[in-house]
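Opening a fresh page for this one. I want to look at how the helices pack and where the nonpolar cores sit.

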Amino acid sequence: MNEIDEKREVKRLLILAVLAGRIMLKNGAETYRVEDMIIRICRSRKNIKYVEAFVTPTGIFVSLEHGEEVVSYLQRINTIKIDLNKINMVNDFSRQFVESDMGIEEAIEKLKKIDDVDNYDNITKFLFGGIIAAFFSLLFGGNFLDFLASFFTGIMVVIVTTKLNELGITFFISNFCGAAVASLLSILFVKIGLGASPDKIIIGSIMSLVPGVAITNAIRDTMSGDFVSGLSRGMEAIITALSIAFGVGMILKIYFKGLI
């Protein structure tokens with residue numbers, strides 16, 4: 001292999017590593033895990049002398065040295081969702097790539113297929129959103145009527161937030177609207193006799209909006225010494241929690257004023 005072809009292959013290796021990192025990061029992986037995977041992929045080929053990755057929740061920065069040349073790559077991440085299945089698939093892929101002689105072009109095609117894997121269909125999301133809400137209402141002390149009311153309210157919350165996300169609405173607005181819908185429906189179910197405790201129904205119904213993954217990632221990134229990403233994830237969790245609180249609080253304020 002001549003020098004030009006070797007340099008081209010090194011650049012393709014860098015593109016492969018960043019693509020794997022992008023898939024993981026935009027689906028909710030911790031930044032330290034993404035950095036570690038990128039470095040392992042780059043060091044697995046072509047006797048790379050130096051490689052460094054710096055990952056934040058909104059961007060990936062990678063530089064590597066091969067021969068006398070330093071190559072850098074920047075990838076912007078605009079949206080982040082939660083898909084643990086894709087994170088697991090990319091993790092498995094990275095181990096397979098590092099431990100084998102898989103070609104770079106073949107590896108890129110595999111990553112593209114992983115990226116194109118369909119998420120759960122909407123019916124499944126809506127159904128299990130309702131189930132989550134229903135059982136959380138029981139966990140917090142609700143009765144059977146609260147269980148049923150939370151089930152239907154939880155479904156509506158997931159429908160509203162999913163549709164708003166598909167329209168590209170910011171997560172603050174979508175969570176605000178989801179929490180408002182949860183409060184409104186909870187009050188209405190109690191008024192018509194299909195629920196007993198609006199507080200139990202509301203608590204159960206908003207659990208699908210709670211930023212559990214963001215909080216976990218913030219703590220893990222901070223404990224790993226990545227304070228920039230830890231602070232960023234922490235602020236994301238705080239803003240999400242505020243949007244939920246504002247949505248619930250607005251409807252309750254209207255209710256206590258006798259307007260509902």
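**Helix pair, then cores**

I started with H6 against H7, in what is a predicted model. On the H6 side I listed Ala-149, Phe-152, Thr-153, Met-156, Val-157, Val-160, Thr-161, Leu-164 and Asn-165, and these meet Ile-173, Ser-174, Cys-177, Gly-178, Val-181, Ala-182, Leu-185, Ser-186 and Phe-189 of H7. By residue class, that contact splits into twelve nonpolar, six polar and no charged.

Next I looked up the geometry. H6 covers residues 144-166 and H7 covers residues 171-191; their axes are 9 Å apart and the packing angle is about 155 degrees. Angles over 145 count as roughly antiparallel, so H6 gets that label relative to H7. I also noted the hand of the H6 and H7 crossing: right-handed.

Then the cores. Which residues touch the most other members of the largest nonpolar core? I got Leu-16, Ile-38 and Leu-111, out of 37 residues. Two or more residues each come from helix H1 (3-26), helix H2 (31-43), strand S1 (50-56), strand S2 (59-66), helix H3 (84-98) and helix H4 (104-115). H1 is the top contributor to this core, giving eleven residues.

I picked Ile-38 for a closer look. Leaving out residues up to four places away in sequence, Ile-38 touches Ala-17, Gly-21, Ala-53, Val-55, Ile-60 and Val-62. Another core lies apart from the largest one; it has eight residues, including Val-157, Ile-206, Leu-209 and Val-248. I'd already written down Val-157 as one of the H6 residues meeting H7.

Terms used
Residues are numbered from 1 along each chain as its sequence is written. This is a predicted model: local features need pLDDT of at least 70, side-chain atom pairs count only at pLDDT 80 or more; totals for chains, interfaces and linings use all residues. Side-chain values use heavy atoms; hydrogens and water are left out. A nonpolar core is a set of buried Ala, Val, Leu, Ile, Met, Phe, Trp, Tyr and Cys residues joined through side-chain atoms within 4.5 Å. Buried means under 20% relative accessible area, exposed over 50%, partly exposed in between (1.4 Å probe, protein chains only). Helices (H or I, at least four residues) and strands (E, at least two) are DSSP runs, numbered from the N terminus. Contact means heavy atoms within 4.5 Å. Axes are lines fitted to C-alpha atoms, for helices over the stretch in contact, and angles run from 0 to 180 degrees between N-to-C directions. Angles under 35 degrees count as roughly parallel, over 145 as roughly antiparallel, 65 to 115 as roughly perpendicular and the rest as oblique. A crossing is left-handed if the near helix is turned anticlockwise from the far one by less than a right angle, and right-handed if clockwise. Ala, Val, Leu, Ile, Met, Phe, Trp, Tyr, Cys and Pro count as nonpolar, Asp, Glu, Lys and Arg as charged, and the others, Gly among them, as polar.
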